[in-house]
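Welcome! Here is a short briefing to help you find your way around a structure you have not met before. Take a look at it first, and then we can walk through it together.

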Amino acid sequence: MMMMKEEEVETIEESIDLREFVSNPRKFASEVLFQTYGVDGETKEPIDADWKVSKVLERCVSDANINRSIPEINHSDAKLGIESVPKGKLCRMRCMVQDMRDPEYYVGCFRSKKKNAAWQTTKFSEHGGDEMSRMEEEEEEEEE
């Protein structure tokens, strides 16, 4: 009796081009992974999780060429620093995390004021929901 091999199905996080992810991780976190894993299919409510971002980051670190392409902002080379990393690009740094006396909270997901608006996420980004809503309102004003 011959056994048939099951076809290996590539998941979303496995299909992401790592070079593109490194250049714009926010896009993939909010547009691809959040849309796939961040919203409950039945209730359409947001799910608080890492949406498999950790799996993509593990792939980045385990691939030597990709890992080397991620700038390290505290590198001994004086040319590298936070100022030299393009806005929104993934970067590395070595540090020690200590006790946080005043933890920073963020809005994980929000809906804009638009009617029938979809959930959006602020996870893995610098700006909160208020900033995102303000940006949407400005875009609407420009379109009018």
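Let us begin at Ile 12, which lies in helix α1. At 32% relative accessibility, Ile 12 counts as partly exposed. Please keep in mind that this is a predicted model, with a mean pLDDT of 76 for the chain.

**Ile 12 and its partners**

- Not counting residues up to four places away in sequence, Ile 12 touches Val 32, Leu 33, Thr 36 and Tyr 37.
- One of these partners, Leu 33, is 21 residues away from Ile 12 in sequence, yet the two C-alpha atoms are 7.6 Å apart in space.

**The chain as a whole**

- You will find six helices and two strands here, and reading along the sequence gives the pattern α-α-α-α-α-β-β-α.
- The chain has 144 residues, of which 26% count as buried.
- Taking the contacts between residues at least 6 apart in sequence, 46% join residues at least 24 apart.

**How confident the prediction is**

- A pLDDT of 70 or more is reached by 75% of the residues.
- Among the elements of the chain, α5 has the highest mean pLDDT, 92, while helix α6 (residues 129-143) has the lowest, 58.
- Over residues 1-5 the pLDDT stays under 50, and the model has zero contacts beyond four places in sequence for this stretch.

**The nonpolar core**

- In soluble globular proteins, nonpolar side chains tend to be buried together.
- In this model, the largest nonpolar core has 17 residues.
- Which residues have the most contacts inside this core? They are Ile 16, Phe 21, Val 22, Leu 33, Val 56 and Cys 60.
- Helices α2, α3 and α4 each supply at least two residues of the core, and the largest share, four residues, comes from α3.
- Ile 16 is a good residue to click on: leaving aside neighbours within four places in sequence, Ile 16 is in contact with Phe 21, Phe 28, Val 32, Leu 33, Val 56 and Arg 59.

**The two sides of helix α4**

- Helix α4 spans residues 53-62, and its buried residues are Val 53, Val 56 and Cys 60.
- Why do these three count as being on the same side of α4? Because they cover an arc of only 65° around the helix axis.
- An α-helix has 3.6 residues a turn, so residues three or four places apart point the same way.
- On the other side of α4, Glu 58, Val 61 and Ser 62 are exposed.
- What covers the buried residues of α4 includes α1 (12-15), α2 (18-23), α3 (25-37) and α5 (64-69).

**Rings and charges**

- The count of aromatic pairs comes to two.
- One of them joins Phe 21 and Phe 28 in a tilted arrangement, 6.1 Å from centre to centre and with 50° between the planes.
- Both Phe 21 and Phe 28 are buried.
- Lys 27 lies over the face of Phe 28, at 5.7 Å from the ring centre.
- Tyr 37, a partner of Ile 12, has Lys 52 over the face of its ring, at 5.1 Å from the ring centre.

**The loop between α3 and α4**

- Lys 52 belongs to the loop between α3 and α4, and so does Lys 44.
- Although Lys 44 is not a glycine, it has a positive phi of about 65°.
- Lys 52 is not a glycine either, and has a positive phi of about 70°.
- Are these two lysines buried or exposed? Lys 44 counts as partly exposed, at 49% relative accessibility, and Lys 52 counts as partly exposed too, at 29%.

**Ser 30, a buried serine**

- Ser 30 lies in helix α3.
- Why does Ser 30 count as buried? Because its relative accessibility is 17%, and buried means under 20%.
- Leaving aside neighbours within four places in sequence, Ser 30 is in contact with Gln 35 and Thr 121.

Terms used
Residues are numbered from 1 along each chain as its sequence is written. This is a predicted model: local features need pLDDT of at least 70, side-chain atom pairs count only at pLDDT 80 or more; totals for chains, interfaces and linings use all residues. Side-chain values use heavy atoms; hydrogens and water are left out. Buried means under 20% relative accessible area, exposed over 50%, partly exposed in between (1.4 Å probe, protein chains only). The arc is that of the directions from the helix axis to the C-beta atoms. Contact means heavy atoms within 4.5 Å. A nonpolar core is a set of buried Ala, Val, Leu, Ile, Met, Phe, Trp, Tyr and Cys residues joined through side-chain atoms within 4.5 Å. pLDDT is the predictor's confidence in each residue, from 0 to 100. Rings of Phe, Tyr and Trp (its six-membered ring) pair if their centres lie within 6.5 Å; planes under 30 degrees apart count as stacked, over 60 as edge-to-face and the rest as tilted. A charge sits over a ring if NZ of Lys or CZ of Arg is within 6 Å of the ring centre and within 35 degrees of the ring normal.
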